Amino acid sequence: MSGTQTARERAVHFIASHGDEVARRRAAVLTGAEPPANADAALADWAERAGVFPAAGGVDALAALPVLAALADLRALERPLGMRIAEALARTQAADGSFGAAASDDEERVFATGRLAGRLAGLRAVRQQVLDAAGDFLASRFTPDRVAGFAWRPLAAYAGFFANVAHEHGDEVLQWCGRELERGFRTRQFDAVQVARILVDCSAAAIPGAKLAAPELLLALQSEQALDGSWPLADGADPEARVRHTLDGLTALVRLA
């Protein structure tokens, strides 16, 4: 049995022991033990509890983000829940192309826009003008300093969007993101799960500017995995957060292998 397969099995065991129904279903679908349809009910219930749809026809963009991310990980964006979220999000896009609460600051709107629109790019039904407007918003706010200093959130937002959506400034932005992502990994400011999360979101084994590819990350994921099958968090031991981090690690083991 390969090291990657062993790491996957250990992660699944941890999630089965410590995760809720949503986490367990996600792990089962990720590893091919169950079909995507088996997660539909759990994900729909999660969306309801999280307040993704607070009013008829409306959507809470930030509440929708983790649900949309889970659907993307399961390659189930075009299932009914993903389509419903996408349609509602398109109606809430601001005139400047951004997503997120109107009162949120620029940093939060960059994060929400990059992460949400990067996911929407995986839906064939999403209109190109929605993605173009989001790209223009993100490009207008980009400077190298925004992704410097081991800033994971803007890195994830910019890399995840421009790796999936063509834009005239995309290559330049990705070069900066790649350099900063690798720098964060080499200095261990980012753990292997955080780096792999971005590569998975980019739908790529590597990104421009980074001399860092899937085989090296897979080895790092295996070496950083704890004995209980999880991946530790640097900022605390919150059980739910550790399960989420482990789901990210498991996703990387499946998608990058």
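Mentor: Before we start, "buried" means under 20% relative accessible area. Keep in mind that this is a predicted model.

Trainee: Okay, so why is Cys177 called buried?

Mentor: Its relative accessible area is 1%. The cut-off is under 20%, so Cys177 counts as buried.

Trainee: And what makes Cys202 buried or exposed?

Mentor: Run the check again: Cys202 comes out at 3%. That is under 20%, so Cys202 is buried.

Trainee: How do you know whether Cys177 and Cys202 are bonded or too far for a bond?

Mentor: A disulfide needs two cysteine sulfur atoms within 2.5 Å. The closest cysteine sulfur to that of Cys177 belongs to Cys202, and it sits 7.9 Å away, so that's too far for a bond. Seen from the other side, Cys202 is in no disulfide either, with the sulfur of Cys177 as its nearest at 7.9 Å. Searching the whole structure turns up 0 disulfides.

Trainee: Let's move to helix H2. What makes H2 "mostly covered"?

Mentor: Just count: H2 spans residues 21–30, and 7 of its 10 residues are buried. Among them are Val22, Arg26 and Leu30.

Trainee: What do those buried residues pack against?

Mentor: Four helices show up as partners: H1 (3–18), H3 (40–50), H4 (61–73) and H13 (239–256).

Trainee: Why is Asp20 said to cap the N-terminal end of H2?

Mentor: One of its side-chain oxygens lies 3.2 Å from the backbone nitrogen of Val22. A polar contact has to be within 3.5 Å, so this pair makes the cut.

Trainee: And what follows H2?

Mentor: That's Gly32, with a positive phi near 80°.

Conventions: Residues are numbered from 1 along each chain as its sequence is written. This is a predicted model: local features need pLDDT of at least 70, side-chain atom pairs count only at pLDDT 80 or more; totals for chains, interfaces and linings use all residues. Side-chain values use heavy atoms; hydrogens and water are left out. Buried means under 20% relative accessible area, exposed over 50%, partly exposed in between (1.4 Å probe, protein chains only). Helices (H or I, at least four residues) and strands (E, at least two) are DSSP runs, numbered from the N terminus. Contact means heavy atoms within 4.5 Å. A polar contact is a pair of N or O atoms within 3.5 Å; within protein, one must be able to donate a hydrogen and the other to accept it, and residues adjacent in sequence count only if both atoms are side-chain atoms.
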